[in-house]
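Okay everyone, let's get going. I've got two spots to walk you through today, so have a look at the screen.

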Amino acid sequence: MSFDLHRAPADRLATDALAARGLEYRLVEPSDRAALLGWIEADNRGFHHPRPTPQQIEFEQRTFRDRRVEGVYDRASATPGIPVATVSGWPTGLSVPGGRSIDAWAVSSVTVAPTHRRRGIARALMEAQLRSAIEAGAAVAVLTATEATIYGRFGYAPATRAASIRIDRRRAHWSGADVPGRVHAVDPAALIDQAPAIARRAVARTPGEIDRWPSLFERVLGTADPDSEHSRGVRALRYDDERGQAQGFATYRVTREPDRPGTLHVSFLAAATDDAERGLWRALVEHDFISAVQAHLRSVEEPLPWLLEDPRAVEVDAIADHLWVRVLDPVAALAGRRFGGAGTLTLEVTDPLGHAAGTYEIDASADGRAEVRRVEGGGADAPWPADVPAVGSRRAASGRDGGSRRSRQSNGLALGVQELGAILLGGVRPSTLGRAGRIAEHSRGSFAIADRLFAAEREPLLSIWF
Ligand SMILES: CC(C)(COP(=O)(O)OP(=O)(O)OC[C@H]1O[C@@H](n2cnc3c(N)ncnc32)[C@H](O)[C@@H]1OP(=O)(O)O)[C@@H](O)C(=O)NCCC(=O)NCCS
């Protein structure tokens with residue numbers, strides 16, 4: 001990656017657009033404590049969090065060391081050191097179907113001060129983030145959203161869903177098979193060295209997860225501020241397989257009223273194997289002196305109900321979109337994943353911002369690998385391409401089928417960049433977006449092929465906020 005996270009100048013177009021409104025757009029160096037403090041003040045204000053403690057500032061300094069931190073400043077404001085808008089971005093891996101990872105750009109800390117809202121500041125920053133992401137070589141930009149109405153206009157779409165679940169302890173009788181390993185109650189702080197490797201393997205198993213960063217574990221394990229009430233309440237479990245290898249861990253807290261059974265809140269669960277997942281869940285739901293177990297950001301296909309005598313012990317409180325994906329480079333994004341089988345499909349993608357516009361051909365083999373190429377002459381407004389090989393004729397028998405010609409009868413879809421982001425990880429079927437009128441098929445049967453190709457081996461999930 002040639003893009004220098006800390007030295008590349010602030011995006012020129014956004015700088016000019018904001019300067020025309022009397023605002024200064026600039027990078028914040030995370031090692032500059034005073035500048036970072038002002039920036040964190042603004043970020044916390046945007047998300048209605050309390051003012052930062054000295055410990056939080058140190059923690060954030062460690063977090064933002066690996067991120068590009070940007071602020072918009074108004075010299076005429078009463079507090080010119082506190083930006084009126086914030087954003088941060090960093091390169092990350094995004095897990096995609098097939099146990100692979102593609103280059104992504106994570107966007108976070110999008111805030112605009114209440115005194116400066118609805119003047120186009122967020123738009124300037126969001127469009128700048130996309131250009132930075134492209135410069136950094138990312139195939140997609142990703143974010144999590146406080147409100148589902150903000151980011152579609154920039155080409156993002158919900159690509160994973162997450163469930164909040166509540167397990168009724170009295171009804172939770174385990175019926176699943178025993179696991180070969182063992183669950184240990186451990187000191188959370190003692191996990192700090194093992195956690196990243198376990199989490200890395202867990203992330204690779206699930207499309208939709210992004211790389212974990214070091215300070216995330218400090219927060220999860222309570223080592224960032226060990227003396228706080230919250231951190232002292234953190235408990236941890238570790239699953240070791242039959243050879244004694246750590247394969248998973250979970251952290252949780254129990255809250256309760258005096259003399260009443262408590263609620264166990266699962267805050268983090270990373271399982272590198274199915275055994276680890278089952279072993280940890282069992283240990284969590286079989287706690288005594290609790291009435292319920294609560295967990296957020298769980299898969300909508302959680303295996304837990306299938307492990308209990310009474311599957312209705314698991315209630316889904318809510319299901320919501322979680323990871324939002326914005327495709328920037330369709331060739332890299334599509335070629336990075338594995339597909340659900342052999343087939344050829346053409347995607348005619350429109351993109352109001354232009355980045356992903358074009359016509360792309362996916363030529364997938366039975367093992368799920370695909371050649372993906374941008375079809376010359378394709379584009380947002382270009383006619384259906386006439387110079388690409390015919391569909392349906394898999395190249396298996398004859399090598400490349402370059403001689404034949406595709407027509408509008410080809411297996412193909414016409415879709416916007418948002419719809420491409422939504423189907424990329426397999427979180428929604430292309431035909432479902434067809435039923436919603438958001439994707440069109442060029443010939444009968446294209447949806448069936450697309451549904452099969454875009455299917456993922458497991459429901460995509462992002463199990464953290466960022
Ligand atoms: C969301 C937020 C960043 C928007 O900032 P802003 O500078 O007021 O936004 P802009 O003026 O650039 O508006 C850009 C577009 O988004 C729309 N928009 C802005 N905030 C919106 C919201 N909360 N819901 C729906 N649309 C919104 C605007 O109408 C505008 O649409 P248009 O360009 O298509 O006409 C700001 O309200 C904020 O800081 N909110 C609190 C923190 C937060 O929720 N951040 C998002 C984190 S994921």
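Quick bit of vocabulary before we start: an angle of 65 to 115 degrees between axes counts as roughly perpendicular. And keep in mind that this is a predicted model.

So, first spot: a pair of helices. Helix H2 covers residues 33–46 and helix H3 covers residues 54–64, and their axes come within 10 Å and cross at roughly 100°. That crossing falls in the range I just gave, so H2 and H3 are roughly perpendicular to each other.

Who's making the contact? From H2 we have Arg33, Leu36, Leu37, Trp39, Ile40 and Asn44. H3 brings Pro54, Gln56, Ile57, Glu58, Glu60, Gln61 and Phe64. Sort those contact residues by class and you get 7 nonpolar, 3 polar and 3 charged.

Okay, second spot: the second largest pocket, with about 640 Å³ of space in it. It's lined by 33 residues, and the closest to its centre are Thr206, Ser299, Arg458, Glu459 and Leu461.

Which elements give two or more residues to that lining? Those are helix H5 (195–205), strand S11 (262–271), helix H8 (274–285) and helix H12 (446–454).

In terms of domains, domain 2 (163–321) and domain 3 (329–454) each put at least three residues into the lining of this pocket. And for the chemistry, that lining has 15 nonpolar, 4 polar and 14 charged residues.

That's it from me, thanks.

Notes. Residues numbered from 1 in each chain as written. Predicted model: local features only at pLDDT ≥ 70, side-chain atom pairs only at ≥ 80, totals over all residues. Heavy atoms only, no water. Axes fitted to C-alpha atoms, helices over the stretch in contact; angles between N-to-C directions. Helix = DSSP H or I, 4+ residues; strand = E, 2+ residues; numbered from the N terminus. Parallel < 35°, antiparallel > 145°, perpendicular 65-115°, else oblique. Contact = heavy atoms within 4.5 Å. Nonpolar A, V, L, I, M, F, W, Y, C, P; charged D, E, K, R; others polar. 1 Å grid on protein atoms, 1.4 Å probe; cavity = no way out; pocket = protein on both sides within 12 Å on 5 of 7 lines; lining within 4 Å. Points joined across faces, edges and corners; volume = space filled by probe spheres on them. Domains from an automatic or database assignment.
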